[in-house]
Amino acid sequence: MEEKILQAVTLDFILTGLLCGALLGFVLQRGRLCMNSAFRDIIFMKDFIMFRAFLLALGVMIVGANYLNDIGIIELKPQSFYPLANIIGGYLFGIGMVIAGGCGSGVTYRIGEGSIGAVSAFLGFFLGAGLTIEGVLSPLYRALRSVKLEIAGKANATLWEPFGDTMTIKWAVIAIVTVGILLFILKAKPFSFGKQKGFYWSITGALVGLIGIFTFWASQNWGGGFARGMNFTTPTAELFYTIFNNNAKSMFFPMVQMGPVTVTWAEFFVIGTPIGALISAKILKEFSWKWPPTKEALTVFAGGVLMGFSGITGGGCNIGQGLTGVCTLSIGSISALIAMILGNWTMVYFKFIRPMNDME
């Protein structure tokens, strides 16, 4: 696919990307939402609160984004199903999250809190993503992405299409999924708001979902005509190539010329996320520079590299696949998310649960 380069960058192109990223960073910091913790706490602490926040965001995005798509406001583009890449990449991303101490969005927003460990993990994420597109990791990436599977005659099949490609079937499947999410969420009293420093979990989940819908709309209207939505892995790789090659090297998403370099809208989204988190942390008086031990900094860096490689390979991170991809009900995205959770649980077992059992 040829690179699509638009005209010169505009102010609204930059500002809307920064705004969407800042909104997400503000809410993630205020609600302490990280998908690594959300998945980890299920088996480590038997705590489903953050996972419910994640599911609430997903439910809001499924209904809202598909509704806007069907009335022509945005155009959703479900990802194709690459079984090896989605499953292996997703599984390795789940492992990488635990090693890095945070998911793609988690390490990014924690930079805004002053965490040097998060900076180290993000630098690994940055390097791993960049080297996967055209660097030393690209042969493995291309090998895993060489297998594409069609379901119901489509490479980018969605969850409803094996049963038929009609609006009735689509919304019946959406109803089943969202009602299931709703019933699970209601078990945790989402409306019992108490006094607390940050956002209650249900407020956090609902706001992330609404920001996800807004980001679809903003990226289509001001980001070059593609409803890209929230994502971190591919934009991080694009940022890598903008810095080191003067060219974002995006083969799928619109690029614009900004002086001597080409950039994408989502690069500004990534840059905006720690800015929003910084604003929230300053308001809550939670900003402080936190320096990890050298060994920990190197460990989280390695986890970040693994996340960068596996996120690109699997088609996205916990946000790009787990929310933005899954809300389209893409079978490929759903497969990647399930694999992420299983990878996370595997590493949690070996890093936390098994050592605790051995001590008993």
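Colleague: Why is E286 called partly exposed?

Modeller: Its relative accessible area is 24%. Buried would need under 20% and exposed over 50%, so E286 lands in the class between, partly exposed. Bear in mind that this is a predicted model.

Colleague: What makes the contact of K197 and E286 a salt bridge?

Modeller: The N and O atoms of these two side chains are 3.7 Å apart, and the cut-off is 4 Å, so the pair counts. K197 sits in the loop between α8 and α9, while E286 sits in the loop between α11 and α12. They are 89 residues apart, and the pair links distant parts of the chain.

Colleague: How many salt bridges are there in the whole structure?

Modeller: A search turns up seven. One of them joins K170 and D70, with the closest N and O atoms 2.8 Å apart. This one also ties distant parts of the chain together: K170 belongs to helix α8 and D70 to helix α3, 100 residues apart.

Colleague: Which of these words fits K170, buried or exposed?

Modeller: Buried: K170 has 5% relative accessibility, which is under the 20% limit. Its partner D70 has 25%, so D70 counts as partly exposed.

Colleague: How do you know that E161 and K154 form a salt bridge?

Modeller: Check the distance again: 2.7 Å from N to O, against a limit of 4 Å. E161 has 9% relative accessibility and counts as buried, whereas K154, at 31%, is partly exposed. As for the general idea, side chains of opposite charge can pair when their charged atoms come close.

Colleague: Let's try cysteines. Why is there no bond between C34 and C103?

Modeller: The sulfur of C34 is 3.4 Å from the one in C103, its closest cysteine sulfur, and that is too far for a bond. A disulfide needs the two sulfurs within 2.5 Å. C34 is buried, by the way, at 0% relative accessibility. C327 is in no disulfide either, since the nearest cysteine sulfur, in C317, is 13 Å away. C327 has 0% relative accessible area too, so it is called buried.

Colleague: How many disulfides does the structure hold, then?

Modeller: Zero.

Colleague: On to the sheet. What makes β1 and β3 edge strands?

Modeller: The sheet is open, has three strands in the order β1-β2-β3, and shows mixed pairing. β1 (5-8) and β3 (261-264) each have a single partner strand, so one side of each has no neighbour in the sheet. On average, neighbouring strands here are turned by 40 degrees against each other, ignoring direction.

Colleague: How do you know that β2 and β3 are paired?

Modeller: Pairing takes at least two bridges, and four of them join β2 (residues 255-258) to β3. The two strands run antiparallel. In one of these details, Q257 has T262 in β3 as its bridge partner. Look at the hairpin of β2 and β3 as well: there are two residues between the strands, and G259 takes a positive phi near 65 degrees.

Colleague: Where do the side chains of β3 point?

Modeller: V261 and V263 go one way, T262 and T264 go the other, and all are buried. That fits the general rule: in a regular strand, side chains alternate between the two faces of the sheet.

Colleague: Which residues form the nonpolar patch on the surface?

Modeller: V179, L182, L183, L186, F191, F193 and I203, with about 700 Å² of accessible area together. Helix α8 (residues 167-186) gives the largest share, four residues.

Colleague: What makes L182 open enough for that patch?

Modeller: L182, found in helix α8, has a relative accessible area of 46%. A patch residue needs over 30%, so L182 passes. It stays under the 50% needed for exposed, so partly exposed is the word.

Colleague: And why is M45 called partly exposed?

Modeller: Its relative accessible area is 49%, and exposed begins over 50%, so M45 stays in the middle class. M45 lies in the loop between α2 (35-44) and α3 (49-70). Its C-alpha is 9.9 Å from that of I353, although the two are 308 residues apart along the chain.

Terms used
Residues numbered from 1 in each chain as written. Predicted model: local features only at pLDDT ≥ 70, side-chain atom pairs only at ≥ 80, totals over all residues. Heavy atoms only, no water. Buried < 20%, exposed > 50% of the residue type's maximum accessible area, 1.4 Å probe, protein only. Patch = residues over 30% accessible without salt bridge, like charges linked within 9 Å, V, L, I, M, F, W, Y side chains within 5 Å. Areas by Shrake-Rupley, 256 points an atom, 1.4 Å probe, with all protein chains shown as cover. Axes fitted to C-alpha atoms, helices over the stretch in contact; angles between N-to-C directions.
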